[in-house]
Amino acid sequence: DFAPSSALTAFMLTMVFYMLSSRSEELFYKRLFHNRFLSAISGICVFAVLVVTATPIGAIFGLNPMGVTGWLTSIMLPLIIPVIFECLKLIKPLINK
């Protein structure tokens with residue numbers, strides 16, 4: 001049962017993508033790593049979740065290692081956040097005219 005591991009990973013990636021998408025009115029890909037502090041925190045979050053979900057350390061928290069399906073689900077669902085935010089950033093100037 002890898003549902004708790006998948007949920008934790010998806011939640012963390014959702015927060016990281018939200019943080020990166022909402023940091024400015026510029027598009028996501030422009031100056032993505034300009035803020036070194038934000039990049040470092042994002043990397044630490046991703047690393048921490050990888051350590052907890054992909055190693056035996058996760059057993060302490062009741063987490064089980066995920067298979068390919070779990071990883072794909074955990075990564076693909078949070079990718080909806082930047083897509084929505086970037087579409088809004090592109091549409092907003094058209095609406096404000």
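## Thr 9 and its neighbours

Set aside residues up to four places away in sequence, and Thr 9 touches Val 49, Thr 53, Met 66, Trp 71 and Ser 74. This is a predicted model, so keep that in mind for everything here. Thr 9 itself sits in helix H1, and its relative accessible area is just 2%, so it counts as buried.

Some of those partners can be placed on helices too. Helix H2 covers residues 36-54, and Val 49 and Thr 53 are among the residues that Thr 9 touches. Helix H3 runs over residues 68-76, and Trp 71 and Ser 74 are also on the contact list of Thr 9.

## Overall layout

The fold is easy to write down: four helices and zero strands, in the order α-α-α-α along the sequence. With 97 residues, the globule rule gives a radius of gyration of 13 Å, but the protein comes out at 16 Å, well over that, so it is more spread out than a compact globule. The C-alpha atoms fill a box of roughly 55 × 25 × 15 Å along the principal axes.

Buried residues make up 28% of the 97. As for the contacts with a separation of 6 or more, 69% of them are between residues 24 or more positions apart. The protein exposes about 6,600 Å², and carbon and sulfur atoms supply 76% of that area.

## Leu 38 on helix H2

Leu 38 belongs to helix H2 (residues 36-54). Is Leu 38 buried or exposed? It is buried, because its relative accessible area is 12%, which falls under the 20% cut-off.

Which residues does Leu 38 contact, once neighbours within four places in sequence are left aside? They are Met 19, Leu 20 and Arg 23. For Met 19, the C-alpha atom lies 8.4 Å from that of Leu 38, with the two residues 19 apart along the chain. Helix H1 spans 3-21, and Met 19 and Leu 20 are two of the residues in contact with Leu 38.

## Helix H4 and its salt bridge

Helix H4 takes in residues 80-95, 16 residues in total, and its first and last C-alpha atoms are 22 Å apart, close to the 22 Å expected at 1.5 Å a residue. Its buried residues are Pro 82, Glu 86 and Lys 89, and the buried residues of H4 pack against helix H1 (3-21).

Two of those buried residues carry the charged pair. Side chains of opposite charge can pair when their charged atoms come close. Here the side chains of Glu 86 and Lys 89 meet in a salt bridge, at 3.3 Å from N to O. A search of the whole structure finds one salt bridge. Glu 86 and Lys 89 are three residues apart in helix H4, so about one helical turn separates them. Glu 86 counts as buried because its relative accessibility is 13%, and Lys 89 also counts as buried, at 13%.

## A nonpolar patch on the surface

Now for the outside. Val 68, Leu 72, Ile 75, Met 76 and Leu 79 form a nonpolar surface patch, with about 460 Å² of accessible area together. Take Ile 75, one of the patch members: it is found in helix H3 (residues 68-76). With a relative accessible area of 36%, Ile 75 is partly exposed, because partly exposed covers the range between under 20% and over 50%.

Note on methods
Residues numbered from 1 in each chain as written. Predicted model: local features only at pLDDT ≥ 70, side-chain atom pairs only at ≥ 80, totals over all residues. Heavy atoms only, no water. Patch = residues over 30% accessible without salt bridge, like charges linked within 9 Å, V, L, I, M, F, W, Y side chains within 5 Å. Areas by Shrake-Rupley, 256 points an atom, 1.4 Å probe, with all protein chains shown as cover. Salt bridge = Lys/Arg side-chain N within 4 Å of Asp/Glu carboxyl O. Buried < 20%, exposed > 50% of the residue type's maximum accessible area, 1.4 Å probe, protein only. Expected span 1.5 Å × (residues − 1). Contact = heavy atoms within 4.5 Å. Rg over C-alpha atoms; globule rule 2.2 N^0.38 Å.
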